[in-house]
Protein chains: 2
Amino acid sequence: MNPLFHEIFQTTRDITNKLNSCLKEHDLYSSQWTILYTINKNGPMSLTDIWKYLKVEAPTVTRTVARLEQLDWIVRTEGEDRREKIVSFSEEGKKKFPAVLASVLRFEEGLIETFNDEEQQQLLELICKLKGRTNHWEI
Amino acid sequence: MNPLFHEIFQTTRDITNKLNSCLKEHDLYSSQWTILYTINKNGPMSLTDIWKYLKVEAPTVTRTVARLEQLDWIVRTEGEDRREKIVSFSEEGKKKFPAVLASVLRFEEGLIETFNDEEQQQLLELICKLKGRTNHWEI
DNA sequence: GTATTTTATTTACCTAGGTAAATAATAATT
DNA sequence: AATTATTATTTACCTAGGTAAATAAAATAC
């Protein structure tokens with residue numbers, strides 16, 4: 001395997017693992033955090049809103065949202081269209097979110113602090129260019 | 001979440017998914033491919049050799065190697081140290097490997113073809129720098 | 001107005017990563 | 001030599017991604 005891809009995969013694993021240990025004190029995992037962050041940013045969302053936004057398949061979101069409901073971070077309510085379920089913060093979740101956000105922002109800051117704006121921009125552009133290339137591989 | 005991290009995660013998911021569909025014609029998944037590639041490069045290896053090389057936990061390798069044995073890609077033999085199991089290609093696996101390698105090289109080439117050497121080098125360096133930062137986050 | 005199609009979600013099951021603890025063989029201590 | 005510690009692998013179980021198919025509600029077609 002091209003060492004570039006090897007490094008990219010390993011780096012994302014590393015980041016996910018470290019993010020998970022940073023989230024441990026809040027009894028959360030990274031994918032759970034991602035959903036909380038998303039509904040905090042966008043307000044109440046249906047499952048479809050969420051998986052389209054995160055570009056992940058629907059069953060993955062169903063599972064994580066179900067777990068978040070068990071843990072009393074969010075509630076699922078029926079939408080006007082009775083097929084859809086709307087995900088929003090529970091009272092508990094609303095209270096606890098800011099502390100998690102603070103932890104994660106500190107973590108991200110630690111990752112990126114030695115990157116200047118130009119380097120961040122370069123990395124973002126190169127990654128997006130690489131992602132764009134994946135579309136040229138349709139079976 | 002910082003859009004940079006979001007893009008990196010999404011890009012690796014995209015690449016893995018596309019690699020999986022490229023491997024489908026060979027009845028393989030990406031992690032299985034990674035192990036085949038590794039023993040092709042390094043020759044017969046113990047499980048510990050493999051997980052240290054790939055920087056993945058041991059149980060993950062145990063599982064994937066067991067699956068590869070079921071599928072008759074590899075064989076596990078007892079080492080001189082009777083605790084360790086040595087992983088090497090089966091006869092079938094040895095025969096089938098080159099075709100898979102060719103597919104994957106084509107796939108990787110398609111991903112990277114619009115990157116010149118400087119861009120590849122830049123991306124590799126930025127990713128490695130980012131990975132290095134994860135070590136500064138010890139709980 | 002009924003039948004069909006589409007859409008939203010879920011269920012079942014696969015790979016793929018992780019941790020913690022069990023087991024068995026080897027190495028080290030005493 | 002017997003005990004203890006280390007090492008290699010495995011088992012059990014968690015999150016986290018995927019696909020395929022089931023279900024139920026809504027939208028569309030006829």
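**View 1. Residues 1-132 of chain A, from end to end.** In this predicted model, the C-alpha atoms at the two ends of residues 1-132 of chain A sit 20 Å apart. That span is 70% helix and 9% strand. UniProt, in an unreviewed entry, puts the feature "domain: HTH marR-type" on these residues of chain A.

**View 2. Chain A, element by element.** How many helices and strands does chain A have? There are six helices and three strands. Reading from the N terminus, the order in chain A is α-α-β-α-α-β-β-α-α. Measure out a box along the principal axes and the C-alpha trace of chain A spans about 45 × 40 × 25 Å.

**View 3. Chains A and B about the rotation axis.** Turn chain B by 180 degrees, with a shift of 0.0 Å along the axis, and it can be laid on chain A with an RMSD of 0.0 Å. The two copies are therefore related as by a two-fold rotation axis. Which residue of chain B comes closest to that axis? That would be B:L123, with its C-alpha at 3.2 Å. As for the interface, 100% of the interface residues of chain B are interface residues in chain A as well, so the copies meet through the same surface.

**View 4. Helix 1 of chain A alongside helix 6 of chain B.** Here residues 3-23 of chain A (helix 1) meet residues 117-134 of chain B (helix 6), with axes that come within 9 Å and cross at roughly 25 degrees. With angles under 35 degrees counting as roughly parallel, these two helices are therefore roughly parallel to each other. The crossing of helix 1 of chain A past helix 6 of chain B is left-handed. On the chain A side, the contact is made by A:P3, A:L4, A:E7, A:I8, A:Q10, A:T11, A:D14, A:I15 and A:K18. Facing them from helix 6 of chain B are B:Q120, B:L123, B:L124, B:I127, B:C128, B:L130, B:K131 and B:T134. Sorted by type, the residues of this contact come out as nine nonpolar, four polar and four charged.

**View 5. Helix 1 against helix 5, both in chain A.** Staying within chain A, the axes of helix 1 and helix 5 (residues 91-112) come within 10 Å and cross at roughly 145 degrees. This crossing is right-handed. Helix 1 of chain A brings A:I15, A:K18, A:L19, A:C22 and A:L23 to the contact, while helix 5 of chain A brings A:V100, A:S103, A:V104, A:F107 and A:L111. What is the mix of residue types in this contact between helix 1 and helix 5 of chain A? It divides into eight nonpolar, one polar and one charged.

**View 6. Helix 5 of chain A meets helix 6 of chain B.** Back across the interface, the axes of helix 5 of chain A and helix 6 of chain B come within 8 Å and cross at roughly 130 degrees. That makes the two helices oblique to each other. Helix 5 of chain A passes helix 6 of chain B in a right-handed crossing. A:G110, A:L111 and A:I112 make the contact from helix 5 of chain A, and B:L130, B:R133 and B:T134 make it from helix 6 of chain B. These contact residues split into three nonpolar, two polar and one charged.

Key: Residues numbered from 1 in each chain as written. Chains lettered and ligands numbered in written order. Predicted model: local features only at pLDDT ≥ 70, side-chain atom pairs only at ≥ 80, totals over all residues. Heavy atoms only, no water. UniProt positions renumbered as here; feature names shortened; annotations may be inferred. Helix = DSSP H or I, 4+ residues; strand = E, 2+ residues; numbered from the N terminus. Least-squares fit on C-alpha atoms with pLDDT ≥ 70 in both. Contact = heavy atoms within 4.5 Å. Axes fitted to C-alpha atoms, helices over the stretch in contact; angles between N-to-C directions. Parallel < 35°, antiparallel > 145°, perpendicular 65-115°, else oblique. Left-handed = near helix turned anticlockwise from the far one by under 90°. Nonpolar A, V, L, I, M, F, W, Y, C, P; charged D, E, K, R; others polar.
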